[in-house]
Structures are given as C-alpha cells and as structure tokens.
Amino acid sequence: MEKDQYKGWLYLLPAALFLAVFLVYPLVDVFVYSTEEGYNFASQTSFGTGLYNFSYVLHDPYFLQAVKNTFIMVVITVPLSTGIALLISVGLCSIEPLRKLFQTVYFLPYVTNTLAVGLVFMVLFKKTAYSDGLVNLLINAFGGESVDFIDGPHAAKMFVMCLYIIWVVMPFKILLLTSAISSVNPNYYNAARVDGTSPFRIFYKITLPMISPTLFYLIITGFIGAFKEYSNAVALFGTDLNAAGMNTIVGYVYDMLYGDSGGYPSYASAAAIILFTIVLTITYLNLTISKKHTYY
Amino acid sequence: MENTLEKNHKASAAVRKIITYTGLAVWALMVLFPFYWMILTSVKSYGEYNSEYVPKFYAASPTMQNYLDAFSTVPLGRYLLNTLVFTVITTAIMLVVVTLAAYGFARLSFPGKDLVFTCFLALMMIPNELVVITNFVTITNFHLRNSFTGLILPSVTSVFYIYLLKESFSQVPDALYYAAKVDGTSDLRYLWKVMIPICRPTLITVGILKVIECWNSYIWPRLITDEQAYFLVSNGIQEIRENGFGRENIPAMMAAVVVISVPLLVLFLCFREKIMAGVSRGGTKG
C-alpha cells in the first residue's frame, strides 16, 4: 500500500515539474521583477525596490498609445464580432440545405496561420507604387479617394486592424453560438408557433434567453482575447508596431522584453501586471452583469 | 381570407429565406476571398502582377515559378521542417505528460489528490503573458535560446488538457480497473491497454488542438529564436515580409503564404468533425 501511494505522485511528477518551473515560479517572479527598479537585463543590475517601474510605464507615451489602441480594438471588435456571429448563427440554424458547407467555410480562419493570412489583408489594403490595391480601387469605383490603409492615417489602420481581428475571431463564436442555438429544445418553438408568435418575438423571448450563458461566455472570453491582441497587429503592420503607432499592450510588453527596444524585463513585468489588472476588472464587471441577465 | 393569409405567410417566409441565404453567402465570400486572392496572386508572375494597376481576378498565364522562388530564395523548406519537428515533438511529449497526470487524477488514489487537483485547476487562470517574461529569462539563462529544447520545454504541459482527459478517463467504469487488478495487471499496463484505447477520441482531439496551436505559435518562438535556422513558419513569414524576396515580390510572398496555410487546411478537411467538436469543447482564440 505504501508503495502505491508514491506511485500516484509519480504519475503527476512530470506535469507538476513543468508547471512549477514554467508557470508557478514565473508568476511569483513577475511580481518580483516589477518592483526591481530599472532592472537591466544586460548588466543584471537594478537601483532599488519600489513602484518606479509602474510609474515609468504609466508615463511612457508608447504605453499610453498602446492602451488607447487596445481599448479602441476591444470596444469595436467585441460587440461587432459577437453581434455578427449571432446573426450568422441564427441564419445558419434556420436553413437546412448548404448548412454544413457554410459551417465548414466559416470555420476556415480558425485553422489558418494568422501571421500568414494577415499578409493577404495587407496586400488587399496596401497602396504601392504599382497599384493602389484592390480595396482602394473599389473605393475609387464608388467615387472615393484612395487611402493608405497600412502606412496611412491612424483611423484607416485601425479599420483594417479591427476588420482582420473580426475575421479571425468569428469562427469560434459562430461555432459555439450555432451549437447553442441548435440545442434549444424544439418544444418551445413549436409552442410559440401554435400561438402564432412572430419570428422576431420568438428570437427575443426564446432563443436569446436560452443561449444567454453561451453569449456571455463569448463576450467574456472575447474581452479577454481582445485585450491580449498582438500577433494580428504584427501580421498587418510588421514587428515595429511603435513606429506604426499600432502597438497594443501585449506588444508593449514584448517590445520591452526583447528586440531593439528590449532588455527591460522589469518594465515589461509592470506593464503586464497593469494589463491584467485591467482584464481582471473588466472580467469582474462582465461576470456581475451576466449574473443579472443570464436566464439560468 | 384564409387563403391570402397563408399566401402572405408563404411569401414572407420566402423573402426571409432569400435574405438569410444572401447574408450567409456574403460572409462566406468574406471568408473565402483572402484565400482566393492568395492563391490567385501566387500563380501570377512577378511582371504580370506589377503591370496590373487594376488587378485581374484571373491569372492570364499561371506560373509555378513563385513556389520555386519561395523555396529557393528564402529557406521556406527549413521553416516548414522546423515547424514540423517542433509540432510533432511538442505534441508527443505533451500527450505523454498530460495522459500520465490525468490518469493519476482519475484512477489512482493517494493522499492529497483532491487538493492537488484543485491547485492544478487554479493554475488554468494564469495568463501566458504574465509568465512569458520570466520564462524568457529562464531559457536565456540556461543558454537554450535558438534551440529546439528552448522552444519546446515551456509548452509541453497544459492544465486544461489534463482536465479534459481526466474527465474522459473518469467515465471508464471502475469495475474494469478492479478486474484488471485481480488479474494482476499493473497500473501502467492498464493505462496503456484499456484506458488509452477507450479514450482515444479525446486523446486525438487534444492532439489535434495542440498541433493547430503549435503550427500557429508566434510569440514564444519569436522571443526565443533569432537565428533563421530555428525559425518556425510564423517567424519565417515575418522575416520574408521584412527582408525576404527584395523589391516587394508580392507573388512569391503569397506563394509562401499558401505553402504555410495548406498543411493545416488539409488537416482540417480530413478531421473536420473532430476538430470542430474539439474546439467547441476546448478551444480558445476568440
């Protein structure tokens, strides 16, 4: 029996070891780093302990720009992508022929390398010496002026950015919403039909309340995901996001850690902790609101 | 009266159908268009592409030259091979680690098990962005940058997959375990001969999800590698974009994009049901 007890732990050992070294220790360490003032990775020196790192980060114009960008992305992409996904899922569940085909097509962005497909978006929107790009030609056709969406004004870049983010996050939302909608008990619909309820009312009074847990789950994960946006921005605008004015908070963390502006893990840690304070607050608010409005 | 009502109803149903299909088709087009455009551009020659001020929706003289360029001018083959090695090894090690842990939690009993399991679950809440900073420093201090070991080590465990597998293992009836015990089967042998075959669907799902994650991973590989010899496809394509084919050879770049995208698309079309079911159970990215 004694031997058996050890054996149970033995099975957990590899996982526990990896988790301790690469998850638990770093979590503690990040707080230590964040209080070591001005820690320089190259010289391994810091000049004291305190909250200077946080104040440095909060006064860094690049960080403020990153925060602004991230908030714009969150505010635009989360409601839009969730709303469109809901519309599409309701549409999908109301048809029979071609449904499988549509579902398969809609899922494709999930299995693509977002760094690679981002380049296609860049090509479609970029203004070059040879051509204004397909999207600009479309705008011209409707009588508009060409805009450089990749190296041009901030609003134009933000537009492509949000469009691409929505394109990337849609598959997951559509998948979850369609399975939620199709698992609603058909008896409710039949009862409503007997009563002659209008389709809009059916959606508002039956479908929406029944899928509200999934919807809130998607909104919460959507917020978290959007706050951690980074690689989609790299896909469109390259690795020097500060120069493009399109950096995100996570991007700022990595830039502080590595690359031409890197070598400052303590600033990176402070920025990461600020990010997660924001995310935790938003998630807490979301959970509070969803408790009030979820049907179950 | 009755008749017109029914007619009206039928007409409005038809209109609704048309609107629904149009809306669905528009989004399908939005999804497919970038794929169409990358394939189209990749078969246009450099001269043809740059001479079209208004890009054509077909290639006048399709060429495979861009694909040859993609493999010869930049080390795309190297990137693909690296990614394949990284993906296979990471997924394999992860499956072993995760299976052992899940089995420990599901079948074996030892003191403190529940407490440890709760702690494991709590670890799920730790965001990657917080721990990556120290992991970067750890790997650098171990001199493991620009090595497969450094790339692979931090991503071989996943609490979430342990949880998924544990749930699956727990559904296997206890009676089988006791029967095997009476027969003198060892725990490890029982895991291998009974549990794994029964829970194969979950294992495959976990494996596929991990493969997708590995193939698309960008941030960690970028932090940990700066020698091209160790670049994965995501970093490779970034490198190609920034100083790849020179003079903005968009068609060759698109050929590289196609080559990078194809493996996962093929995997998806082969395991469509499995992947979609798996993602709805355990996917993120949204």
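**A helix crossing between chains A and B, and the setting of M246(A)**

In this predicted model, α5(A) passes α14(B) in a left-handed crossing. The two helices span residues 114-125 of chain A and residues 250-270 of chain B. Their axes come within 9 Å and cross at roughly 145°. On the α5(A) side, the meeting residues are A116(A), V117(A), L119(A), V120(A) and V123(A). From α14(B), they are met by I250(B), M253(B), V257(B), I260(B) and S261(B). By class, this helix contact has 9 nonpolar residues, 1 polar and no charged.

The contact between the chains as a whole was examined next. In total, 76 residues of chain A are in contact with 74 residues of chain B. On the chain A side, helix α1 (residues 2-35) gives the most, with 18 residues. The side of chain A that touches chain B divides into 54 nonpolar, 18 polar and 4 charged residues.

Within chain A, M246(A) was placed in its surroundings. M246(A) sits in the loop between α11 (241-244) and α12 (249-257). M246(A) counts as buried because 24 other C-beta atoms lie within 10 Å, and the cut-off for a buried residue is 20 or more. Neighbours within four places in sequence aside, M246(A) is in contact with N69(A), K157(A) and M161(A). A233(A), F237(A) and L241(A) are also in contact with M246(A). A15(A) lies 231 residues from M246(A) in sequence. In space, the C-alpha atoms of A15(A) and M246(A) are 38 Å apart.

Conventions:
Residues are numbered from 1 along each chain as its sequence is written. Chains are lettered from A and ligands numbered from 1 in the order in which they are written. This is a predicted model: local features need pLDDT of at least 70, side-chain atom pairs count only at pLDDT 80 or more; totals for chains, interfaces and linings use all residues. Helices (H or I, at least four residues) and strands (E, at least two) are DSSP runs, numbered from the N terminus. A residue is buried if 20 or more other C-beta atoms lie within 10 Å of its own, exposed if 12 or fewer, and partly exposed in between; C-beta atoms are placed from the backbone. Two residues are in contact if their C-beta atoms, placed from the backbone, lie within 7 Å. Ala, Val, Leu, Ile, Met, Phe, Trp, Tyr, Cys and Pro count as nonpolar, Asp, Glu, Lys and Arg as charged, and the others, Gly among them, as polar. Axes are lines fitted to C-alpha atoms, for helices over the stretch in contact, and angles run from 0 to 180 degrees between N-to-C directions. A crossing is left-handed if the near helix is turned anticlockwise from the far one by less than a right angle, and right-handed if clockwise.
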